[in-house]
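Here's a quick briefing to read with the model open in your viewer. It goes through surface charge, a couple of buried spots and the salt bridges.

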Amino acid sequence: MMTQNSSNALPLLKRIFISYIKPYISDLVVALFWMVVASGMTGVFAWIIGPVMDDIMVQGNESKIFPIAGLLFVCLVMRGISSYFHTVKMGKIGHSLVADIQNDLFKHMIRLDLKFFNDNHSGSLVARMISDVQVMRAALADSMTGLGKNLMTLIILVGVMFYRDWILALAAFTIFPLAAFYVARLGKKLRSISNRTQDAISHMTSGLAQTFQAIRQVRAFGREKFEEKRALQTLVKVRDLNIKNTKTSNLSTPINDVLVGVILFGIISYGGFQVVKGTSSAGDIMSFIAAFLMAYEPMKKLAKLNNNVNVGLGAADRVMQVMDTPVGIEKNKRAPALKTKKAMDVEFSGISFAYDDGETVLNDVSIIAKAGQVTALVGPSGGGKTTILNMIPRFFDPVGGSVFINDQNTQKVSLKSLRENIAWVSQEVVIFDDSVMANIAYGLDGASEKDIIKAAKSAFAHDFIMELPNGYETQLGENGSTLSGGQRQRIALARAFLKNAPILLLDEATSALDNDSERFIQDSLEKLQKGRTTIVIAHRLSTIENADKIIVLDKGKIVEQGAHAQLIRRKTGLYKQLRSSL
């Protein structure tokens, strides 16, 4: 799991501002204008309380009743309208930020190496895309609104307080530095809790996704109770962290209320004596109290702002960790395109490969897959067959040696052009929750319906597709849940036919087929392989007897190679052992 400690929030906030908030500066200025209007109306309301008390309540001046009442009405209407406009505008900015961050995050993740996805569960990545970014949005929106409307409202109301009685105003605000210090300490604790909460949500999402994906195994082994218990443990952990977050974030409320109570006690006591002595009017003191009480709400929000920002920064840390994950496979935008022919040689020269844990998978392997021929890779599990296949489209790069296509080093040509010339059919068929037409069309951008149907016929998929409820428009469900294994495999083969690439990679492509289906597919594959460079991994050795060359791998080394007839004639040899064990 990725971890990162970020004690300094300023660089993170600066990065978020430059990358995501800056493009919306014009919208932010408009929102700030309406915030100023709303804040100004709040200040006007507090100021008018003085004339209401002195001129109407105390002196009974009838001529001022309607003007003052009308001014109060206009003030409240303007505050309501301006609050609506700034709230809508800030909502637009907030939701746009979510879309922008999620888009950038997805664009980065989709280009990361396979190792990244092996190290991080898909559920965890989805949680970062959705949950973490939403927490960021809430924090950003709160902080911008807080620093806008609440701060301006507070400044205007404090101005009213100083206008009414500057000595009383100074006394009222002497205690607030203590509250600010306490809130700052609280924020650091909240950021830590936020990180742990988001990690727990990520773990919960991963676990639930894994359980739903494996529902057949859960039912088959009667593990419902086990999964219920495991899910409950995770849910309880998330619940406890959320409760802890709620308790901690709301600790500022009783502290603020105590401080306000102390200050209000002093204001009323001092103000009362001033009115009795005649040094201040009742309107001045009431206006001061109204301004202070109205300032209490923005003061509370500003006190909580630090908490919300720290919660958001905890989520932002996690999002930026993914954004900062380097792309291991170098993608040189200036690299030339692969020079292509109808069929191309694929050469592995002195290839060595080891995973991060130090386990050696390949050791000085050299193979030439000739253009227009079928080269088969066989051997015990863990021998390095799939790793070799993964290196052709550069899912992994070797730690030693190079891969060449027609004498062009694959690391020195553009990835886009390299992968455009490769068709891949794996034993792990992926079917998208979309129509049959869209699933086959995934093999080639902009493919016509005629080409898609032709590819389906070549893969012997057309007949069963036409028997589906809506033919090519039938929705296949999550991972093709409505199809059999053989049907799913034929959809995958149709994609390869549609792509019509000069290099064909088959990783146990017929493993999910029954004998009848395999017979049809083998005929189809022979047609697909003609004139192409084909590299195939096969568990069923009977499917590669006609291969031009068979490479036998064991423990990361080539132990035998040759045609089937040559290898089978040997008295001893791993290929013959594998063959006889079937």
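**Charge, burial and salt bridges**

On the surface, K189, R196, K237 and K244 gather in a patch of positive charge. Two elements each give two or more residues to that positive patch: α7 (176-213) and α9 (224-249). Bear in mind that this is a predicted model. A search of the whole structure turns up 10 salt bridges, and a few of them get a closer look below.

**The positive patch**

- K189 has its place in helix α7.
- With 46% relative accessibility, K189 counts as partly exposed, because the partly exposed class runs between 20% and 50%.
- The other members of the patch are R196, K237 and K244.

**A buried arginine: R318**

- R318 sits in helix α11, which covers residues 282-323.
- This arginine is buried, as its relative accessible area is just 2%, and the cut-off for buried is under 20%.
- Once neighbours within four places in sequence are set aside, R318 is in contact with R128, D132, N195, Q198, D199 and S202.
- So if you're looking at what surrounds the R318 side of helix α11, that contact list includes two aspartates, D132 and D199, along with R128.

**A buried cysteine: C75**

- C75 belongs to helix α3 (residues 65-109).
- Like any residue under the 20% cut-off, C75 is classed as buried, with a relative accessible area of 2%.
- Not counting residues up to four places away in sequence, C75 touches M41, V44 and F45.
- G40 is 35 residues from C75 along the chain, and their C-alpha atoms are separated by 9.0 Å.

**Salt bridges within a helix**

- R230 and E227 meet through their side chains in a salt bridge, at 2.9 Å from N to O.
- These two residues are three apart in helix α9, so about one helical turn separates R230 from E227.
- R230 counts as partly exposed at 37% relative accessibility, whereas E227 is buried at 14% relative accessible area.
- K416 pairs up with E420 in another salt bridge, where the closest N and O atoms are 2.5 Å apart.
- Helix α13 (residues 415-420) holds both K416 and E420, and because they are four residues apart there, about one helical turn lies between them.
- K416 is exposed, with a relative accessible area of 60%, while E420 counts as partly exposed at 43% relative accessibility.

**A salt bridge between a loop and a strand**

- R570 forms a salt bridge with E560, and their closest N and O atoms are 3.2 Å apart.
- R570 lies in the loop between α19 (564-569) and α20 (574-581), and E560 lies in strand β10 (residues 557-562), so this pair ties together parts that are 10 residues apart in sequence.
- What about burial at the two ends? R570 is partly exposed, with a relative accessible area of 36%, and E560 is buried at 7%.

**A small network**

- D27, K89 and K92 are joined into one network by salt bridges that share partners.

Methods:
Residues are numbered from 1 along each chain as its sequence is written. This is a predicted model: local features need pLDDT of at least 70, side-chain atom pairs count only at pLDDT 80 or more; totals for chains, interfaces and linings use all residues. Side-chain values use heavy atoms; hydrogens and water are left out. Patches are made of residues with over 30% relative accessible area and no salt bridge: like charges are joined within 9 Å, nonpolar side chains (Val, Leu, Ile, Met, Phe, Trp, Tyr) within 5 Å. Accessible areas come from the Shrake-Rupley method with a 1.4 Å probe; for residues, only the protein chains shown count as cover. A salt bridge is a side-chain nitrogen of Lys or Arg within 4 Å of a carboxyl oxygen of Asp or Glu. Lys and Arg count as positive and Asp and Glu as negative; His and the chain ends are not counted. The place of a charge is taken as NZ of Lys, CZ of Arg, CG of Asp or CD of Glu. Buried means under 20% relative accessible area, exposed over 50%, partly exposed in between (1.4 Å probe, protein chains only). Contact means heavy atoms within 4.5 Å.
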